[in-house]
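Thanks for asking me to look this one over. Here are my notes, in the order in which I would go through the model with you.

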Amino acid sequence: MNFKKKILCIGAGYVGGPTMAMIARKCPDYKITVVDINAARIAAWNGPEIPIYEPGLEEVVRQQRNKNLFFSTDVDAGIREADIIFVAVNTPTKSFGEGAGKAADLQYWEKTARQILANSGKGKIIVEKSTLPVRTAEAMERILNSNDKGLHFEVLSNPEFLAEGTAIADLENPDRVLIGSRETPEGLKARQEVVDIYAHWVPRKNIIESNVWSAELSKLVANAFLAQRVSSINSISALCEKTEADVGEVAYAIGTDSRIGPKFLKASVGFGGSCFQKDILNLVYICQSYGLTEVADYWESVVKLNQWQQQRFVQTILSSLFNTVAGKRIALLGFAFKADTGDTRESPAITVARGLAEEHAQVVVSDPKAVPQAKIDLKDLGTFVEFEVDPYKACEGAHAVAILTEWKQYKDLDFDRILASMQAPAFLFDGRNILDHKALFDKGFNVFAIGKTPLSHF
Ligand SMILES: NC(=O)c1ccc[n+]([C@@H]2O[C@H](COP(=O)([O-])OP(=O)(O)OC[C@H]3O[C@@H](n4cnc5c(N)ncnc54)[C@H](O)[C@@H]3O)[C@@H](O)[C@H]2O)c1
């Protein structure tokens with residue numbers, strides 16, 4: 001079949017896979033190839049069990065695969081034939097040298113730029129899909145346009161705003177798509193080509209155009225604002241626990257103010273995921289490098305509060321269980337950083353499991369999707385940790401149960417059965433505030449929820 005355009009995506013991860021699957025579904029006239037250096041990941045995308053759990057994704061992949069959606073490890077061949085290249089490689093926090101712990105590690109990014117240049121026989125549009133520090137496009141342009149082949153590359157920013165767990169719905173019906181480019185004639189022409197892709201299904205008014213630096217920065221700022229709301233309500237949850245105010249009631253009362261709005265006001269054990277902390281620290285580092293110390297400190301406090309909230313949860317378990325958890329079985333229900341994903345990156349459950357293991361508790365990790373990854377994340381904890389997918393078995397003989405992921409099925413558990421199988425007195429810590437605390441207290445549990453007065457039988 002003759003395709004109108006050939007699109008390549010470098011990086012077949014949580015962003016590259018779902019985004020390209022959606023573009024393939026909506027743009028049957030475009031050929032989409034997704035490449036990755038991770039051969040096992042590509043084999044999984046081509047096999048019966050795709051490598052990412054995401055509601056609705058498997059169906060889209062099955063429908064488009066080998067029609068106009070292809071997965072391959074041949075990065076060089078993909079580059080050679082592509083007109084437009086999306087780059088969705090990982091951009092983790094730098095762990096060494098200047099900026100360690102905060103700056104983005106751009107080594108994968110730069111390698112990709114050099115590989116694109118080495119394999120290009122014609123100029124191309126390069127689209128930054130990964131989240132990157134503001135002004136990265138400038139570095140990429142310098143590498144790409146420093147060639148002696150007379151080739152010209154336009155580098156655009158099209159950050160991804162999907163949320164894991166709802167990626168397909170987010171991609172199908174995005175609040176907005178943001179496309180930033182240089183405002184030169186070539187830049188605007190390239191911008192139009194990327195707009196044309198999304199205009200296949202996204203209403204034109206929801207496609208926002210901007211200069212390339214605004215687009216790059218907007219992604220960092222969006223994540224910083226979202227995380228800041230979580231840390232803000234979590235800070236208030238601590239005050240509620242001291243004052244008999246209820247954080248759910250406070251969140252509802254303030255969220256009905258249309259200037260504040262109700263979303264991202266749910267108090268919890270803390271935010272996780274691969275992006276929030278990384279992107280805020282990246283913003284902090286950028287501000288520091290421009291000498292904006294006050295701005296950097298302001299945003300860094302969002303991350304610090306989040307770390308404190310997770311440690312505070314461990315402290316609550318410890319102090320409630322008479323200041324010792326050594327040898328006590330504690331079941332953690334949920335290990336993914338949120339429901340409907342198997343992703344555990346930066347999950348608060350990791351901090352909680354480690355904090356309890358340090359106190360020599362016998363931690364039992366349960367999760368419907370994330371147990372295989374949890375085994376990898378916690379492999380150094382040795383005999384202090386066990387893994388059990390079945391939540392009922394995980395709770396058998398436990399002194400305490402902690403809810404760490406808001407999986408829907410945890411709301412519907414038979415808590416009479418769980419209570420009967422636990423040690424007495426039984427403790428329940430709801431790190432996601434998803435359970436009916438009063439009903440559980442009436443059954444006999446001692447219930448500790450985030451931002452609520454403890455319901456204790458002593
Ligand atoms: N995960 C999310 O929800 C999300 C949402 C929005 C934006 N982002 C951003 O998107 C980017 C990618 O995130 P992700 O979660 O998909 O990461 P990921 O780790 O799941 O996937 C990245 C993939 O890129 C591959 N890769 C790395 N270097 C490569 C190279 N030189 N050639 C080919 N493949 C290469 C890796 O093997 C990996 O499979 C990050 O910058 C992230 O901040 C992520």
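1. What share of the contacts in the protein chain with a separation of 6 or more comes from residues 24 or more positions apart? The share is 73%. Please keep in mind while reading on that this is a predicted model.

2. Next, the overall build. The protein chain contains 18 helices and 14 strands. Its radius of gyration is 24 Å, close to the 23 Å that the globule rule gives for 458 residues, so the chain is as compact as a globular protein of that length. Along the principal axes, the C-alpha trace spans about 80 × 50 × 45 Å. As for burial, 47% of the 458 residues count as buried.

3. On the domains: the domain assignment splits the protein chain into domain 1, covering 5–202, and domain 2, covering 224–458. Their C-alpha centres are 33 Å apart. Domain 1 and domain 2 each bring 16 residues to the contact between them. On the side of domain 1 that touches domain 2, eight residues are nonpolar, five are polar and three are charged.

4. You will probably want to look at the ligand. The shell around the ligand is made up of 27 residues, and the closest of them are Gly11, Gly13, Tyr14, Val15 and Ser130. Sorted by class, the shell has 12 nonpolar, 10 polar and five charged residues. Which helix gives the most to this shell? That is α5, residues 107–118, with three residues.

5. Helix α3 deserves a short stop of its own. This helix runs over residues 57–64, and its buried residues are Val60, Val61 and Gln64. Why can we say that they line one face of the helix? Seen down the axis of α3, the buried residues fall within an arc of 95°, so they sit on one face. The face turned away from that buried side carries Glu59 and Gln63, which are exposed.

6. What lies over the buried residues of α3? The cover includes α1 (16–26), β3 (69–72) and α7 (167–172). While you have this part on screen, have a look at the backbone after the helix as well: α3 is followed by Asn66, which has a positive phi, near 65°.

Key:
Residues are numbered from 1 along each chain as its sequence is written. This is a predicted model: local features need pLDDT of at least 70, side-chain atom pairs count only at pLDDT 80 or more; totals for chains, interfaces and linings use all residues. A residue is near a molecule or strand if its C-beta atom, placed from the backbone, lies within 6 Å of it. Helices (H or I, at least four residues) and strands (E, at least two) are DSSP runs, numbered from the N terminus. Ala, Val, Leu, Ile, Met, Phe, Trp, Tyr, Cys and Pro count as nonpolar, Asp, Glu, Lys and Arg as charged, and the others, Gly among them, as polar. Domain bounds come from an automatic or database domain assignment. Two residues are in contact if their C-beta atoms, placed from the backbone, lie within 7 Å. A residue is buried if 20 or more other C-beta atoms lie within 10 Å of its own, exposed if 12 or fewer, and partly exposed in between; C-beta atoms are placed from the backbone. The arc is that of the directions from the helix axis to the C-beta atoms. The radius of gyration is taken over C-alpha atoms; the globule rule is 2.2 Å times the number of residues to the power 0.38.
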